[in-house]
Amino acid sequence: GVPRGPGGPPSNLRPDPALSRKLSGIAHSCGRVDTRVDASPLCESDPAFPSAHAKIKTVRLPIDSLVPEILEHLRTANNLVLEAPPGAGKTTRVPAGLLGLDSRDVLVLEPRRIAARLAARFVASERGEAVGATVGYQVRFEEVAGPATRLRFLTEGVLTRRLLSDPHLERVGTVVLDEFHERHLEGDLALALLRRLQKGRRKDLRLVVMSATLDTGPVAEYLG
């Protein structure tokens, strides 16, 4: 199963130690940047919540300079564990960047429905699009997506149900497990199912685990 122990292997067992150290180090330059997606969930009635058609001015975030290195790593390796503080931009900038790896879809697993909705709306707004174009979301009883949707934010429970009808995730190139430090049964089950699929029929499937506070060593060891 997925390791849970408080200890873990030394950092040199992570998939890319140098990149992990760089991501951890950006806490010093992060400060109080735009944390609307990463740390401060908003309700849709909040005036600060981006509307479906609003174009949000792009703000430079600490993780932006590392996205090219993240993509380069994933062109030669299928797994990556990212540790970065809240507000670094991992929820919004990394998934959007992953679209450039190939023409396949990117799935981002969020632990809460509001997080999936908010992240999708924010990323779509930064692209100047409405939700349901390139970027969409799917939660229980609600799906906003279209035939052109390639980046989809969804809850972990939705993924496990999707695996019943699409057991090989045929059109998916990368799955991101966001906020993985919020450990719960559905998140652990999703990671276990994805890892089994990756070791079997989908050896080309990329898995990215992202967290603000997780001890990444055991997860990195699990992903090999």
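## What "buried" means here

A residue counts as buried when its relative accessible area is under 20%, and as exposed when that value is over 50%. With that in mind, helix H4 is a good place to start: its buried residues are Lys 90, Thr 91, Thr 92, Arg 93, Val 94, Pro 95, Gly 97 and Leu 98. Eight of the nine residues of H4 are therefore buried, so the helix is largely enclosed by the rest of the structure. Please keep in mind as you read that this is a predicted model.

## The chain as a whole

The chain has 224 residues, and 53% of them are buried. Its secondary structure comes to eight helices and seven strands. About 10100 Å² of the chain is exposed, and carbon and sulfur atoms supply 53% of that area.

How far along the sequence do the contacts reach? Among contacts between residues at least 6 apart in sequence, 76% join residues at least 24 apart.

## Two nonpolar cores

In soluble globular proteins, nonpolar side chains tend to be buried together. Here, the largest nonpolar core holds 27 residues, and the members that touch the most others are Leu 98, Leu 151 and Phe 153. Several elements each supply at least two residues of this core: helices H3 (67-76), H4 (90-98) and H5 (113-126), along with strands S1 (79-83), S2, S3, S5 and S7 (206-211). H5 gives the most, with five residues.

Leu 98 is already familiar as one of the buried residues of H4. Leaving aside residues up to four places away in sequence, Leu 98 touches Leu 71, Leu 74, Val 106, Thr 174 and Val 176. Apart from the largest core lies another one, of 23 residues, which includes Leu 109, Leu 154, Leu 177 and Ala 220.

## Helices H6 and H7

Now let us look at a pair of helices. H6 (residues 156-165) and H7 (residues 185-199) pack at an angle of about 40°, and their axes are 9 Å apart. Their crossing is left-handed. On the H6 side, the contact is made by Glu 156, Gly 157, Leu 159, Thr 160 and Leu 163, while H7 brings Glu 186, Gly 187, Leu 189, Ala 190, Leu 193, Leu 194 and Leu 197. Sorted by class, this contact has seven nonpolar, three polar and two charged residues.

Which residues of H6 are buried? They are Glu 156, Gly 157, Val 158, Leu 159, Thr 160 and Leu 163. These buried residues pack against H7 and also against three strands, namely S2 (105-110), S3 (135-139) and S5 (151-155).

## Around the loops after H6 and H7

Leu 169 sits in the loop between H6 and strand S6 (172-177). Is Leu 169 buried or exposed? With a relative accessible area of 0%, Leu 169 is under the 20% cut-off and so is buried. Not counting residues up to four places away in sequence, Leu 169 touches Leu 159, Arg 162, Leu 163, Val 175, Leu 194, Leu 197 and Arg 202. Leu 159 is ten residues from Leu 169 in sequence, with 9.8 Å between their C-alpha atoms.

Arg 201 belongs to the loop between H7 and S7. Its relative accessible area is 63%, so Arg 201 is exposed. Arg 201 and Pro 167 are 34 residues apart in sequence, and 9.6 Å apart in space from C-alpha to C-alpha.

## Neighbours in the loop between S3 and S4

Arg 140 is found in the loop between S3 and S4, and Phe 141 lies in the loop between S3 and strand S4 (142-144) too. Arg 140 has a relative accessible area of 52% and is exposed. Leaving out residues up to four places away in sequence, Arg 140 touches Arg 113, Val 158 and Arg 161. Arg 140 and Val 158 are 18 residues apart in sequence and 6.7 Å apart in space, C-alpha to C-alpha.

Phe 141 counts as exposed, with a relative accessibility of 76%. Phe 141 is not a glycine, yet it has a positive phi of about 70°.

## Another positive phi

Glu 179, in the loop between S6 and H7, has a positive phi of about 50° although it is not a glycine. Is Glu 179 buried or exposed? Its relative accessible area is 9%, so Glu 179 is buried.

Technical notes:
Residues are numbered from 1 along each chain as its sequence is written. This is a predicted model: local features need pLDDT of at least 70, side-chain atom pairs count only at pLDDT 80 or more; totals for chains, interfaces and linings use all residues. Side-chain values use heavy atoms; hydrogens and water are left out. Axes are lines fitted to C-alpha atoms, for helices over the stretch in contact, and angles run from 0 to 180 degrees between N-to-C directions. Helices (H or I, at least four residues) and strands (E, at least two) are DSSP runs, numbered from the N terminus. A crossing is left-handed if the near helix is turned anticlockwise from the far one by less than a right angle, and right-handed if clockwise. Contact means heavy atoms within 4.5 Å. Ala, Val, Leu, Ile, Met, Phe, Trp, Tyr, Cys and Pro count as nonpolar, Asp, Glu, Lys and Arg as charged, and the others, Gly among them, as polar. Buried means under 20% relative accessible area, exposed over 50%, partly exposed in between (1.4 Å probe, protein chains only). A nonpolar core is a set of buried Ala, Val, Leu, Ile, Met, Phe, Trp, Tyr and Cys residues joined through side-chain atoms within 4.5 Å. Accessible areas come from the Shrake-Rupley method with a 1.4 Å probe; for residues, only the protein chains shown count as cover.
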